[in-house]
Amino acid sequence: MKEIIKIVKYTKISYTKKQSWCMVWVLLNTLLTLGYPGCISFVIDQGIAKGDLPTVIRGVSAILLFGVLIILTNYLYQIKSTKLGREICETIKNNIFRKLCNTTYRFWSENRKGDVFTTINTDVASIEKIFTTIVNNGILNGLHFMGIIIILFLFNYIIGFLITILLLVFIILQKRNGEKVKIGMDTLRNSMGEFNSITQEMINYMPDIQLVYPKQRLESKYIQKNRITNILYVQQMKNILSAKNIGMGFNTISIFIVLFIGALGVIEKNMSVGTLFSIVIYVQQLYSPAIALGDIYNTIKNAQPSVKRIIDLLENKNMIKHGTLIPDKKLIGKIVFEHVNFSYGENKRSVFQDINLKLKPGKIYGIVGDNGKGKSTFIRLIAGLCSPDSGHIYIDDIDIETYDVEYLRKHIGYLPQKPIILSGEEVVKDGQRKEILKKISLEHIESVGDNGLGVSGGENQKLALVHLLGENEKDIFILDEPTAALDLKSEEILAEQIKSVLKGKTVLLITHRINILKICDEIIDFNKIASYKNVRTL
C-alpha cells in the first residue's frame, strides 16, 4: 500500500477530496442495500401473514423506492469514480512520458521498449482500477459486509457467530491464495514482456527478417514464446479462479447453516418465516461482498508488479543533466571535450578515456572509424543523451550541463541512423526544401504517413535529411550516416546541399561512405582512440 500511496503523491491530484465525494454515494448505496431485505420481511410478516393489503402495498412501494435509489446512487458513484480514474490515468501517463522524454541513452540500453510500452498502456490501467473501482468497491463491500454481520447477530447470535467463524477461515484461505497470485503475476509479466518485445521486433523488421531467417525458424521461436506465455496465463487464471471457488464454498455452507438453524427456529416458533427469508437474503448478499473483497485482495496483489514498474519509471535516475541557462542568442558552434571519460555502466568497458578535442565553429567535420569505436557515443554526449563519467564538454565555452536542455534541442539538429519523421509531419515548408526535393525526384511527397508508410528506406532517409536542412534555427548539425541508404547520385546531390545549406554551421558527419567526406573540412579518425590527434584537413 505504501507504493500505491506514493503514486498518488506523484499525480498531485487532490485525491482524498475527490474520493470523498464518491464515498458519499457509496455510503448511501450501502445503507439502502442493507435496508432492502428488511422491507421484504415487513411485507411477509406484517402484510401477507396478516392479510393486510394496505401494509403489503406500502411495503412493496418501499421496496420499489429502495431499488430505484440503489440504482441511482450506484450510477452516481460509478460516474464520479470513472472521472477520477481517467484523471489519474491521464496524469500518470503524462508524467511518465515527460520523464521518458528526458531520459538518457543508458536507460534505453537497460530497459526493453516492449516493457515500457506495456507499463504505459497496461500497468497504468490496472493502477487506475485500484484507485477508483477497487477503493470504492472495497469500501462499499467492506461496509456492506460488516453491516450484514451485525444484522445477522441481531437476528440470531448463533447464526452470526457461525458465519463469522466461517468468514475467518475464508479470509485465511484467500490470503494464502493471494500470495500464489502475486508470484504467478510476476512470472507471467516477465514472460509477456519478453513475448511483446520479440513480437514488436519481428513485426517492425519483418521485411528484412524474411530475407535473413528461414520461415520455420521464425515461426518456431514465436510459437514457443507464445506457448510459454499462454501456459503461465492459464496457471494464473487457475489461481484467480481458486479465490472464486473458495467464495462459492463459503456461500454454500453459509446457506446450509442459515436454513438448518432458521428452520429449527421457525418450527420452535422462535423465528418468523419473514425473518428467515430476510436472513437468507442477507447471507446471499454476504456472498457478493465476500467474493468481491477476496477479488480486491487478489487484484491488489496482482497489481504490485505494475505498481513497482510505474514507480521505477517515475523515479528513474538516468536523466539528462541540464541547467537553466537560456542564452538570448544563437550558438556559435564551438565544441570542446576536456579530459572526458565515459562507459555505459560499472561493469562495461570504457568507451572514452581522457579524451581532449576541440572543434572549431563553422566547419564540417567528418567522423570515421570502425564499428564500436565510439562514434555514436560521441554524438550522444554532445546531444546530452549521455553524461561523462568525468571531465567536461563545452559548447561555446559553457559546460553543456549548464544549458537548458530545450535550448540545446532547439539549436542542435540531429539526424539518427534510422531517420524518424513523426506521422503527419510536413516535409515541405519552404521553397528551399521544395527545390531540394525536386532535385532528388521526391517533390510529390509533402507529408509522411504513420511510421513512414508509403516510402522506402532510402526515400525516408532523403526526406528526413531535407526536413532537417530546412530547420533554420539550428546552429549545430549532427548527421549520423546521412547517406547510408542512398545511391551514389542521390548521395552526391545531397552532399552538395549539406555543404551549401549548412555553410557557416558546425556540422558533425558520421559516415562509412568515402565520397561524402569530400565536403568535409576536417576528418576525425576514431580508430586512433588513444589520443584523437589524427585530425587532418582535406
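Is F66 buried, partly exposed or exposed? F66 counts as partly exposed, because its relative accessibility is 21% and anything under 20% would make it buried. Keep in mind that you're looking at a predicted model. The chain has 538 residues, and 46% of them count as buried. Its secondary structure comes to 14 helices and 10 strands. Here's a tour, starting with that phenylalanine.

**Around F66**

- You'll find F66 in helix α3, which covers residues 53–100.
- Setting aside neighbours within four places in sequence, F66 is in contact with L32, G35, Y36 and C39.
- Take G35 from that list: it is 31 residues away from F66 along the chain, yet the two C-alpha atoms are separated by 8.0 Å.
- Links between distant parts of the sequence also show up across the chain: of the contacts with a separation of 6 or more, 77% are between residues 24 or more positions apart.

**The nonpolar cores**

- The largest nonpolar core has 31 residues, and F337, F378 and L508 have the most contacts inside it.
- Quite a few elements chip in with at least two residues each: the strands β1 (335–343), β2 (350–359), β3 (364–368), β4 (390–395), β7 (476–480) and β8 (506–510), plus the helices α10 (375–383) and α11 (405–411).
- β2 gives the largest share of this core, with 5 residues.
- What does F378 touch, leaving out residues up to four places away in sequence? Its partners are F337, F352, L357, L359, I367, L508 and F526.
- Another core lies apart from this one; it has 25 residues, including L415, I440, L469 and L494.

**Aromatic rings**

- Searching the whole structure turns up 9 aromatic pairs.
- One of them is F256 with F260: the ring centres are 6.1 Å apart and the planes meet at 15 degrees, so this pair is stacked. The cut-off for stacking is under 30 degrees.
- Both of these residues sit in helix α8 (residues 215–267), and because F256 and F260 are 4 residues apart there, about one helical turn separates them.
- F256 counts as exposed, at 57% relative accessibility.
- Now look at F342 and Y344, whose ring centres are 4.8 Å apart with planes at 85 degrees, so they make an edge-to-face pair. That label needs an angle over 60 degrees.
- F342 is buried, at 3% relative accessibility, and Y344 is buried too, with a relative accessible area of 14%.
- F337, F352, F378 and F526 form one aromatic cluster. F378 touches the other members, F337, F352 and F526.
- A ring can also have a charge over it: the charged end of R380 sits over the ring of Y105, 3.6 Å from the ring centre.

**The open sheet**

- How are the 4 strands of the open sheet ordered? They run β2-β1-β4-β5, with antiparallel pairing.
- β2 and β5 (398–399) are the edge strands, each pairing on one side only.
- In general, strands of a sheet pair through backbone hydrogen bonds, in either a parallel or an antiparallel way.
- Between β4 and β5, the antiparallel pairing runs over 2 bridges.
- To spot this pairing, find I395, which stands opposite I398 in β5.

**β3, β9 and T511**

- β3 and β9 run parallel, and 4 bridges join them.
- I367 stands opposite I524 in β9. You've met I367 already, as one of the residues that F378 touches.
- Both faces of β9 are covered: E522 and I524 on one side are buried, and so are I523 and D525 on the other.
- T511 is placed in the loop between β8 and β9 (522–525).
- Is T511 buried or exposed? T511 is buried, because its relative accessible area is 1% and the cut-off for buried is under 20%.
- The T511 side chain reaches the backbone nitrogen of R513 at 2.8 Å.
- Not counting neighbours within four places in sequence, T511 is in contact with I367, V368, E481, I516 and L517.

Key. Residues numbered from 1 in each chain as written. Predicted model: local features only at pLDDT ≥ 70, side-chain atom pairs only at ≥ 80, totals over all residues. Heavy atoms only, no water. Core = buried A, V, L, I, M, F, W, Y, C linked by side-chain atoms within 4.5 Å. Buried < 20%, exposed > 50% of the residue type's maximum accessible area, 1.4 Å probe, protein only. Contact = heavy atoms within 4.5 Å. Phe/Tyr/Trp six-rings, centres within 6.5 Å; stacked < 30°, edge-to-face > 60°. Lys NZ or Arg CZ within 6 Å of the ring centre and 35° of its normal. Polar contact = N/O pair within 3.5 Å; in protein donor to acceptor, adjacent residues only side chain to side chain. Pairing = 2+ DSSP bridges.
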